[in-house]
Amino acid sequence: MGSIQLLLAGFIVLISLTPNSVEANFYQSTVPVWGQDRAVIYNNGWDLELWMDQSSGSGIKSKREFLFGSLEMHIKLVSGNSAGTVTAYYLVSGGDVHDEIDFEFLGNVSGQPYTIHTNIFVQGVVAKEQQFKPWFDPSADFHNYTIHWNPYQIVWFIDGIPIRVYENHENAGIPFPNKQGMRMYTSLWNGDNWATQGGKMKVDWSSAPFVARFSRFSPKACRWQGPRSISECSSPSLRNWWTSPSLQRLSYAQLGQLRWVRENFMIYDYCRNPKRFHGNPPPECHRSRLV
């Protein structure tokens with residue numbers, strides 16, 4: 001076995017042994033938020049379907065809040081004519097000055113690709129969107145969508161491939177989400193006022209009900225237990241595996257994957273929209289090539 005394989009094997013063992021690993025059963029780990037009769041948990045709690053019709057969509061949230069770690073979800077998106085639908089998988093804190101880390105999947109008419117919309121709110125401030133077209137059909141099968149969040153960076157992964165990085169530049173006065181616990185939310189809802197071609201394509205209700213499927217929710221993360229967790233979840237230790245030096249930056253191979261995604265599949269980057277910010281983009285855009 002090569003050195004890379006040994007490293008990965010050790011990493012997996014470390015994750016599996018950490019006390020912060022959380023059972024990923026939807027019955028045990030989540031509660032409905034809205035559209036309860038359209039959120040269907042099955043297979044003894046290991047799988048979930050969210051439904052949307054003209055009356056309502058649906059959504060769930062995790063019972064626990066987390067601060068740092070990896071939160072994975074396998075998702076199979078709405079198939080066929082999904083125009084106007086939004087399937088969301090995200091982390092969000094409470095309160096008005098909230099933090100949020102988003103995966104949103106914007107549907108399209110049959111035969112046209114989804115848009116993968118990523119965003120981050122820090123202390124209530126938004127306007128940090130990046131969008132991508134997938135290199136696969138996300139409605140044909142399940143794919144792994146992971147939010148990896150530690151004191152140094154946030155990385156959005158699809159099937160183990162990094163598509164976006166948001167680095168911690170607090171030392172330069174740029175806020176970073178590291179002081180509030182966040183819950184996992186996932187939902188399916190009507191966003192046809194903006195989601196598909198800027199709102200030009202509406203939901204075709206004759207195709208309802210729309211169904212998104214979720215499986216293998218795996219929150220390998222530090223449980224938020226109030227303000228004391230700010231230091232407990234961020235202190236470097238074997239227990240806090242996400243603080244490992246090897247996870248503080250992307251590896252050389254991961255940087256290559258990130259460039260491949262950005263060069264071939266990125267369709268919008270807020271840092272490259274000078275008209276939006278009148279030629280003065282947010283400060284993190286000047287700090288890193290990876291935002």
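Colleague: What area does the protein chain expose, and what share of it do carbon and sulfur atoms supply?
Modeller: The protein chain exposes about 13400 Å², an accessible area that comes from the Shrake-Rupley method with a 1.4 Å probe, where for residues only the protein chains shown count as cover. This is a predicted model, in which local features need pLDDT of at least 70 and side-chain atom pairs count only at pLDDT 80 or more, while totals for chains, interfaces and linings use all residues. Residues are numbered from 1 along each chain as its sequence is written, and side-chain values use heavy atoms, with hydrogens and water left out. Of the exposed area of about 13400 Å², carbon and sulfur atoms supply 53%.

Colleague: What percentage of the 291 residues counts as buried?
Modeller: A residue is called buried under 20% relative accessible area, exposed over 50% and partly exposed in between (1.4 Å probe, protein chains only). Of the 291 residues of the protein chain, the share that counts as buried is 54%.

Colleague: How many disulfides does the count come to?
Modeller: In general, a disulfide is a covalent bond between the sulfur atoms of two cysteines. Here a pair of cysteine sulfur atoms within 2.5 Å is taken as one. One of these links joins Cys-222 to Cys-233, with 2.1 Å from S to S, and another is formed by Cys-271 and Cys-285, whose sulfur atoms are 1.9 Å apart. By this rule the count comes to two.

Colleague: How many residues apart are Cys-222 and Cys-233, which link distant parts of the chain?
Modeller: The link of Cys-222 and Cys-233 is left-handed, with -75 degrees about the S-S bond. Cys-222 sits in strand E14 (residues 210–223), and Cys-233 in the loop between helix H3 (229–232) and helix H4 (252–265); helices (H or I, at least four residues) and strands (E, at least two) are DSSP runs, numbered from the N terminus. Along the sequence, the separation of Cys-222 and Cys-233 in residues is eleven.

Colleague: Are Cys-271 and Cys-285 buried or exposed?
Modeller: The link of Cys-271 and Cys-285 is left-handed too, with -80 degrees about the S-S bond. Turning to accessibility, both Cys-271 and Cys-285 are buried.

Colleague: Which residues does Phe-136 touch, not counting residues up to four places away in sequence?
Modeller: Phe-136 is found in the loop between strand E9 (130–132) and strand E10 (143–149), and with a relative accessible area of 16% Phe-136 is buried. Contact means heavy atoms within 4.5 Å. Leaving out residues up to four places away in sequence, Phe-136 touches His-143, Tyr-145 and Ile-158.
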